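Dear colleague,

Please find below the structure for your examination. I should be grateful if you would read the notes that follow with the coordinates open beside them.

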Amino acid sequence: MKKIENNFDENEKIFKSKKIFDFINDEKLIENLYDFLAYVSIIAFFELNKLENKKIIELKTHTVIIYLGSIIESVLYYFINEIFINNEKKRKKYLKIKEFKSIQKIKISEESNKEYHFCEVFEKEISLNDTINFSSLINWAKDNKILSEEIVEKINNIRKLRNSIHINVYKTWELIKFDELKQIFIDTKDILDYIEEKLENK
């Protein structure tokens with residue numbers, strides 16, 4: 001097994017030689033996933049070790065988590081779509097989301113701060129080009145029992161950490177130690193291995 005290097009192109013070659021994403025039948029997605037993985041491996045295993053400024057370490061750690069979360073989110077979307085590719089009813093239920101648009105605001109009384117709205121409900125079909133609701137993906141996979149509880153928990157933990165990029169969540173951010181970051185990489189590998197096996201046996 002080749003060691004991760006402080007070189008983007010070399011790391012991409014290493015990950016490709018391990019065929020990490022070869023279970024995915026989408027060349028562009030595969031290329032992006034290898035790019036993301038090569039990029040975060042350099043930050044996590046080389047750049048973070050050399051930094052002394054705590055704030056920069058925190059922000060660089062955020063970057064790693066965001067990219068790993070995006071990898072998991074994209075692979076999970078692909079996985080669900082593949083599992084139900086021939087089940088039009090379930091696939092449409094998964095791909096279609098409802099959105100609400102306020103048509104009219106109603107205030108019951110001057111004393112009350114509550115507002116009520118008449119809303120129009122409309123459906124739209126999501127794709128990888130849309131903003132995916134990571135939480136909805138996880139819940140949908142869990143409800144349809146296509147992921148084990150252990151894998152759901154690992155995915156959900158990464159989702160929560162990824163959401164820490166939002167300023168209101170960042171206020172309560174606690175710096176992830178290097179050992180914890182290594183565990184997140186291990187969990188990411190476990191998730192990918194699990195999904196690959198499920199797709200091979202579908």
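The notes below describe the overall architecture, one helix pair, the salt bridges and one loop residue.

Please bear in mind throughout that this is a predicted model.

Overall architecture

The chain contains eight helices and two strands. Their order along the sequence is α-α-α-α-β-β-α-α-α-α. The chain has 202 residues, of which 36% count as buried. Among contacts in the chain with a separation of 6 or more, 65% are between residues 24 or more positions apart.

The pairing of α2 and α8

Helix α2 (residues 27-50) packs with helix α8 (residues 178-200) at an angle of about 165°, and their axes are 12 Å apart. Angles over 145 degrees count as roughly antiparallel, and α2 and α8 are therefore roughly antiparallel to each other. The crossing in which α2 passes α8 is left-handed. On the α2 side, the residues that meet α8 are Val40, Ala44, Phe45, Leu48 and Asn49. Their counterparts in α8 are Phe178, Leu181, Lys182 and Phe185. By class, the residues of this contact of α2 with α8 comprise seven nonpolar, one polar and one charged.

Salt bridges

The count of salt bridges comes to 10. Three individual pairs and one network are described here.

In the first pair to be described, the side chains of glutamate 58 and lysine 55 meet with an N to O distance of 3.5 Å. These two residues are three residues apart in helix α3 (residues 54-83), so about one helical turn separates them. Glutamate 58 has a relative accessible area of 5% and is buried; the cut-off for that class is under 20%.

Another salt bridge joins arginine 162 to glutamate 73, with the closest N and O atoms 3.0 Å apart. This pair links distant parts of the chain, since arginine 162 is in helix α6 (residues 149-162) and glutamate 73 is in helix α3, 89 residues apart. Both arginine 162 and glutamate 73 are buried.

The two strands are also linked by a salt bridge. Glutamate 115 pairs with lysine 105, and their closest N and O atoms are 3.6 Å apart. Glutamate 115 belongs to strand β2 (residues 115-125) and lysine 105 to strand β1 (residues 96-107), the two residues being 10 residues apart. With a relative accessibility of 43%, glutamate 115 counts as partly exposed. Lysine 105, at a relative accessible area of 53%, is exposed.

Finally, salt bridges that share partners connect Glu150, Lys154, Asp187 and Asp190 in one network.

A residue in the loop between α5 and α6

Is isoleucine 146, in the loop between α5 and α6, buried or exposed? The loop that holds isoleucine 146 lies between α5 (134-143) and α6. Isoleucine 146 has a relative accessible area of 9% and is therefore buried. Its C-alpha atom is separated by 8.3 Å from that of isoleucine 80, although the two are 66 residues apart along the chain. Apart from its neighbours within four places in sequence, isoleucine 146 is in contact with Phe79, Ile80, Ile83, Phe84, Ala141, Tyr194 and Lys198.

Yours sincerely

Terms used
Residues are numbered from 1 along each chain as its sequence is written. This is a predicted model: local features need pLDDT of at least 70, side-chain atom pairs count only at pLDDT 80 or more; totals for chains, interfaces and linings use all residues. Side-chain values use heavy atoms; hydrogens and water are left out. Axes are lines fitted to C-alpha atoms, for helices over the stretch in contact, and angles run from 0 to 180 degrees between N-to-C directions. Helices (H or I, at least four residues) and strands (E, at least two) are DSSP runs, numbered from the N terminus. Angles under 35 degrees count as roughly parallel, over 145 as roughly antiparallel, 65 to 115 as roughly perpendicular and the rest as oblique. A crossing is left-handed if the near helix is turned anticlockwise from the far one by less than a right angle, and right-handed if clockwise. Contact means heavy atoms within 4.5 Å. Ala, Val, Leu, Ile, Met, Phe, Trp, Tyr, Cys and Pro count as nonpolar, Asp, Glu, Lys and Arg as charged, and the others, Gly among them, as polar. A salt bridge is a side-chain nitrogen of Lys or Arg within 4 Å of a carboxyl oxygen of Asp or Glu. Buried means under 20% relative accessible area, exposed over 50%, partly exposed in between (1.4 Å probe, protein chains only).
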